[in-house]
Amino acid sequence: MNRIFKLAGLCLLLWPIACAPKHEQQHEEASFLVTSPVLKDTLVTQEYVCQIHAIQHIELRALEKGYLQEIYVNEGQAIKKGQLMFKLNPAVYEAEVLQEEASMRHALIQYENTQKLADSNVVSARELALAKAEYEERKARYEVAKAHLGFTEIRAPFNGIMDKFYVRLGSLLDEGELLTSLSDNSKMWVYFNVPEAEYLDFAARSGRGKRQEVLLKMANHQLFNQKGIVEAIMADFNNENGNIAFRASFDNPQGLLRHGETGSILMAVPLRDALIIPQKATFEVLDRKYVYVIDQNNRVQAREIVVAQELPHLFVVASGLSEKDQILVEGLRRVKHNDQIHPRFEAPEKVFASLSELMAE
């Protein structure tokens, strides 16, 4: 009987070990990497949808009515300032120039004869003044006729790239009819909208005399090979969305950018005293982000956080953590709320350095 009681007692002593949950035994045996958030100044990249415009983009229109007699250029062609592009039939305007020139010469002869008579006191000074006025009027009409004749030739006002034709050879054009458009793509103006709060931060930074550099991500997700400068801020906020338009300028030496393109502006924004944690230290539940915080008893406690900004492999935390907390970095799927673990603390600098190596790879 005593032997039976001894065996029963031994079983009772061994039962807690044999029957302990398997995952708790694993937690006791394995160590889990733990670190702390870091409070430091950093840069975040803000991204804004943008519209790309040529520094000069105009419509070329006919200044006179007439038949389109000649087209000297082609669609998409690079045009030089002053280059002849279109010509209207000039016959009517040439005739008007000849008519006004003859009328001007007649008035000049009348004026010169009246001048001689006035010198001999044959006619009054008033008649001389009328003859002079008649001549000047005819001369002005002659100059207007020459101007109309000159308008039959449409020349490029600046260097640029032609768009498509809106008319064809032989078309009867009305005054003001659209012929094509011309873009100077040597420099591009890129417009993007900035929320009010970010505008105020930008205004505070730019007051220090620094010019804000920006990058342009094109529609193919590649970065444009030139840096841009924020040069202008529009006057008014949009009351519907609370944004204000910024304008950045980019040199376009290779002509890669064209008027009307879209893309994204990338602007580096400094953050002071930002609380930073590794992204891999977080997990999501119903679109909310959580971390496991280690308490004084080495138990993991799930805590919701609010992320302010996202960096490569890092999050900037707006609320939910402090720099004194310790958070679980690895093994998040192996634990659950209130599990006790064996933490292995590593300094945040070392943990972030390993993330930097991962980024370099």
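Arg-155 is partly exposed, at 42% relative accessibility. I start there, in what is a predicted model, and work outwards.

Arg-155 makes a salt bridge with Glu-153, and their closest N and O atoms are 3.2 Å apart. Glu-153 is partly exposed too, with a relative accessibility of 31%.

Arg-155 also has a place in a sheet. In strand S6, Arg-155 is the bridge partner of Leu-84. S5 and S6 run antiparallel and are joined by three bridges.

Now the sheet as a whole. It is open, with four strands in the order S6-S5-S3-S8 and antiparallel pairing. S6, residues 153-155, and S8 each have a single partner strand and stand at the edges, so one side of each lacks a neighbour in the sheet. Further in, S3 and S5 pair over three antiparallel bridges, with Ile-71 opposite its bridge partner Phe-86 in S5. S3 also pairs with S8, residues 172-173, over two bridges, again antiparallel. There, Tyr-67 has Leu-172 as its bridge partner.

Just ahead of S3, in the loop that follows strand S2, is Glu-64. Is Glu-64 in a salt bridge, or without one? Glu-64 has no salt bridge although it is buried, and the nearest side chain of opposite charge, Lys-65, is 10 Å away. What Glu-64 does have is a polar contact of 2.2 Å with the side chain of His-148. Among the other residues that Glu-64 touches are Leu-88, Tyr-93, Phe-151 and Leu-173.

Next is helix H4, residues 125-150. Its 26 residues should span 38 Å at 1.5 Å a residue, and the C-alpha atoms at its ends are 38 Å apart, which agrees. Buried residues in H4 include Leu-128, Tyr-135 and Tyr-142. Helix H3, residues 91-119, is part of what covers the buried residues of H4.

H4 has a salt bridge as well, between Arg-138 and Glu-134, with 3.1 Å between the closest N and O atoms. These two are four residues apart in the helix, which means about one helical turn separates them. Arg-138 is partly exposed at 22%, and Glu-134 is partly exposed at 34%.

Last, the salt bridges elsewhere. The whole structure holds 17 of them. In one, Glu-213 and Lys-227 bring their closest N and O atoms to 3.7 Å. That pair links distant parts of the chain, since Glu-213 is in strand S10 and Lys-227 is in the loop between S10 and S11, 14 residues apart. Lys-187, Glu-231 and Arg-247 are joined into one network by salt bridges that share partners.

Conventions: Residues are numbered from 1 along each chain as its sequence is written. This is a predicted model: local features need pLDDT of at least 70, side-chain atom pairs count only at pLDDT 80 or more; totals for chains, interfaces and linings use all residues. Side-chain values use heavy atoms; hydrogens and water are left out. Two strands pair if DSSP finds at least two bridges between them. The expected span of a helix is 1.5 Å times one less than its number of residues. Buried means under 20% relative accessible area, exposed over 50%, partly exposed in between (1.4 Å probe, protein chains only). Contact means heavy atoms within 4.5 Å. Lys and Arg count as positive and Asp and Glu as negative; His and the chain ends are not counted. A salt bridge is a side-chain nitrogen of Lys or Arg within 4 Å of a carboxyl oxygen of Asp or Glu. A polar contact is a pair of N or O atoms within 3.5 Å; within protein, one must be able to donate a hydrogen and the other to accept it, and residues adjacent in sequence count only if both atoms are side-chain atoms. Lists of a residue's contacts leave out its neighbours within four places in sequence.
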